[in-house]
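Biologist: I'm new to this structure, so please take me slowly through one part of it. I'd like a close look at the second largest pocket and at whatever its surroundings lead on to.

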Amino acid sequence: MRFTAMKNSLRRGVAMLATRKMYIYAMVIVPVAVSLFFVSLMDEGLPLRTPVGIVDLDHSAMSRAVTRNLNAGELLDIQYHYENYDQALASVRRGEAFGYFVIPANFERDALAGKQPTLSLYTNMAFFVPGTLSFKGFKTVAVTTSGGVVQTTLLAAGATEQMAAQLLQPVVINNNPIGNPWTNYNIYLSNSFLPALLQLMIFLITILTVSEEIKYGTSRRWLSVAGGSIIRATLGKLLPQTIIFLIVGITIDSILFGFNHFPMNGSWGVMLLAMVLLVVASQSFGLFVVSVVPNPRMALSLGSLIGILTFSIAAFSYPVPSMYGAIGIFSYILPVRYYFLIYINEALNGFPLYYSRYWFAALLMFPLVATTMLWRLKKACLNPVYVP
């Protein structure tokens, strides 16, 4: 009897997915298409050759050397040469350039005379990535130029090249980025953005498929097919989705770690296990939301809000300890937060599974918490009330 009820519940869950194309689009096409788009968009790893301009008011040998140094780097592409400050500012406002570098008049003369001329740089931070990259490129050349002028002055005063080098850089910095030595934006962004997107879609589909039973008044039939058991009813509805989402999650991992060869210093098996638990935990979270708030409109709104805020409060780019306590605490209720921590330990650092045991345990807690509210969902299904 129980086996028959479970089989009927599963058959009903599969039929529901097969009869509405929207589910296939939301569960398969959207996550995979966005993954391919996002990975190909960041294919170079870091945006290079940002269009910028220069205002050379000196037209000396030294100012031309500064211009060549700016254009020689991989971050900047000097496409515009302006006659004055106003012309450069107007170009930035039109969106032609993301910044400009100003070399003052009499720059070479003042520099060699020790009068400390000022090199000015302007960047458009309304566009954060190109603005930041242009600032980095401008700053590097400005510091290098300053060091070159000081070195020339020291050599003219009789210092040796070794003495000048020691005075300019008394401490040599050895920079070794861990986990992402290429400082590849694609490795950082894709491995955080795409699992968060998958979690968002799982939230929405789980809430939608459960709450629509209440919306259309079919919740009693849904329970009846499952033999009156809310556990069998939810398993029958969500298990087919689990399989589909798991296939999509593995496909995303294959795109990242397989085809694009992102760092995988640990075990593929551990990451696949983490993906399985991410899918189940995300479904459990959605089930918990719709159980607490069995109103389709409110449940979807709440799931959408939490899913969107994931990109900000899951600590992908800003550490939780540095957040306001009232905000940072919400990062611990998001399944993808623990998946991201497992990814750092396993794929980037190659730590043994032992060091991620707490994060796996946290993901396992989501299904347990969701089951505690199933009684409320069953009550709502037996007495369906749809409030538009």
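**The second largest pocket and its surroundings**

Modeller: Sorted by class, the residues lining the second largest pocket are nine nonpolar, five polar and no charged ones. Here Ala, Val, Leu, Ile, Met, Phe, Trp, Tyr, Cys and Pro count as nonpolar, Asp, Glu, Lys and Arg as charged, and the others, Gly among them, as polar. Before we go on, keep in mind that this is a predicted model: local features need pLDDT of at least 70 and side-chain atom pairs pLDDT 80 or more, while totals for chains, interfaces and linings use all residues. Numbering starts from 1 along each chain as its sequence is written, and side-chain values use heavy atoms, with hydrogens and water left out.

Now, the pocket itself. On a 1 Å grid over the protein atoms alone, a pocket is an open set of points where a 1.4 Å probe fits, with protein on both sides within 12 Å along at least five of seven lines; a lining residue has an atom within 4 Å of a point. This one has a volume of about 280 Å³, meaning the space filled by probe spheres set on the points, which are joined across faces, edges and corners. Its lining has 14 residues, and the ones nearest the centre are Thr-234, Leu-235, Leu-238, Ser-284 and Leu-287.

Which helices build it? At least two lining residues each come from helix H10 (230–259), H11 and helix H15 (357–371), and H10 gives the largest share, six residues. (Helices are DSSP runs of H or I, at least four residues, numbered from the N terminus.)

Leu-287 takes us from the pocket into the protein's interior: besides lying near the pocket's centre, Leu-287 has one of the highest contact counts in the largest nonpolar core, along with Phe-245, Leu-256, Phe-257, Met-271, Tyr-343 and Leu-377. That core has 66 residues; a core is a set of buried Ala, Val, Leu, Ile, Met, Phe, Trp, Tyr and Cys residues joined through side-chain atoms within 4.5 Å. H11 (residues 268–292) gives the most to it, with 12 residues. A second core, separate from this one, has 16 residues, including Leu-70 and Ala-111.

Phe-245 shows what such a core residue meets. Beyond residues up to four places away in sequence, Phe-245 touches Met-27, Leu-198, Met-201, Ile-202, Ile-205, Val-279 and Gln-283, where contact means heavy atoms within 4.5 Å.

Asn-191 is another one to look up. Asn-191 sits in helix H8 (residues 185–215) and counts as buried because its relative accessible area is 3% (buried is under 20%, exposed over 50%, partly exposed in between, with a 1.4 Å probe and protein chains only). Its contacts more than four places off include Leu-256, Phe-257 and Tyr-343, three residues from the core list above. The Asn-191 side chain also reaches the backbone oxygen of Ile-187 at 2.8 Å.

Last, where do H10 and H11 join? His-261 lies in the loop between H10 and H11. At 67% relative accessibility, His-261 is exposed, unlike buried Asn-191. His-261 is not a glycine, yet its phi is positive, about 55°. Most residues other than glycine have a negative phi.

Definitions and conventions: Polar contact = N/O pair within 3.5 Å; in protein donor to acceptor, adjacent residues only side chain to side chain.
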